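Morning, everyone. Let's get the model up on the screen and walk through it.

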Amino acid sequence: MGKMTGREIQKDNDLFFTCSLIEYIARKTKNKNSDVVKALGRENISKIYNLADVYHSDNIERVSDDFIRDADIKPGSFDNIKTARYSVPSHWDIGKVFKRLILGISKTNNEDVIDALFDAYDSFVCDKINDYNSSFYYDAPQNILNAYIYNEIE
């Protein structure tokens, strides 16, 4: 078991920050978070995850600008905030949803967290989570994981 910080394992909190930063960058650049993950690539994602405790103590605006510049992420046209008809979850809320999904995938598939992260953002579930006009993103974590595992929404 990893080191506990507060109520959760430190690396789980690092994953939470990583997913929240991905969501923050996606909103800021108007790209899908799956496209942000691809643009950042394994090296940057691993760097964010491994140094999350350092980045988390910095201004997220500056941290996001650095990664947007370094990964050369261009402005897109995806704006699920503008098209939302209901209350929009924060980037922290969506980070938590993805953190839980990724940990579930990692455990289910017995794979590394970074591999599970790429699997999660590359699945149809990612688009469902990003649809703020549905209730899927705040569904029970096990239901979201089951949708991923069985490749369908019940």
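I'll cover the cavity, then one residue in its lining, then the cysteines, then helix 8.

A word before we start: this is a predicted model.

Cavity first. How many cavities of 30 Å³ or more does a search of the whole structure find? One. The volume of this largest cavity is about 70 Å³.

Now the lining. From the N-terminal side, we have E23, A26, R27, K30, N31, K32 and N33. Then come F78, D79, N80 and I81, and finally N130. Which element gives the most to this lining? Helix 1, residues 10-29, with three residues. By type, the lining has five charged residues, four polar and three nonpolar.

Stay with one of those lining residues, A26. A26 sits in helix 1. Is A26 buried or exposed? Its relative accessibility is 4%, so A26 counts as buried. What does A26 touch, leaving aside neighbours within four places in sequence? It is in contact with N31, K32, N33 and V36. Of those partners, N31, K32 and N33 also line the largest cavity. For a longer-range reference, take A120. A26 and A120 are 94 residues apart in sequence. In space, their C-alpha atoms are 15 Å apart.

On to the cysteines. The structure holds zero disulfides. Look at C19: it is in no disulfide, and the nearest cysteine sulfur, that of C126, is 10 Å away. Why is there no bond from C126? Because its closest cysteine sulfur, in C19, is 10 Å off, which is too far for a bond. The cut-off here is sulfur atoms within 2.5 Å. And how accessible are these two cysteines? C19 is buried, with a relative accessible area of 1%. C126 also counts as buried, at 1% relative accessibility.

Last stop, helix 8, residues 141-150. Which of its residues are buried? I144, L145, N146, A147 and Y148. What do those buried residues pack against? Three helices are involved: helix 5 (91-109), helix 6 (113-121) and helix 7 (124-129). Right after helix 8 comes N151. The phi of N151 is positive, near 55°.

To recap. The search finds one cavity of 30 Å³ or more, and helix 1 gives the most to its lining. C19 and C126 sit with their sulfurs 10 Å apart. Helix 8 packs its buried residues against helices 5, 6 and 7.

That's the tour. Over to you for discussion.

Note on methods: Residues numbered from 1 in each chain as written. Predicted model: local features only at pLDDT ≥ 70, side-chain atom pairs only at ≥ 80, totals over all residues. Heavy atoms only, no water. 1 Å grid on protein atoms, 1.4 Å probe; cavity = no way out; pocket = protein on both sides within 12 Å on 5 of 7 lines; lining within 4 Å. Points joined across faces, edges and corners; volume = space filled by probe spheres on them. Helix = DSSP H or I, 4+ residues; strand = E, 2+ residues; numbered from the N terminus. Nonpolar A, V, L, I, M, F, W, Y, C, P; charged D, E, K, R; others polar. Buried < 20%, exposed > 50% of the residue type's maximum accessible area, 1.4 Å probe, protein only. Contact = heavy atoms within 4.5 Å.
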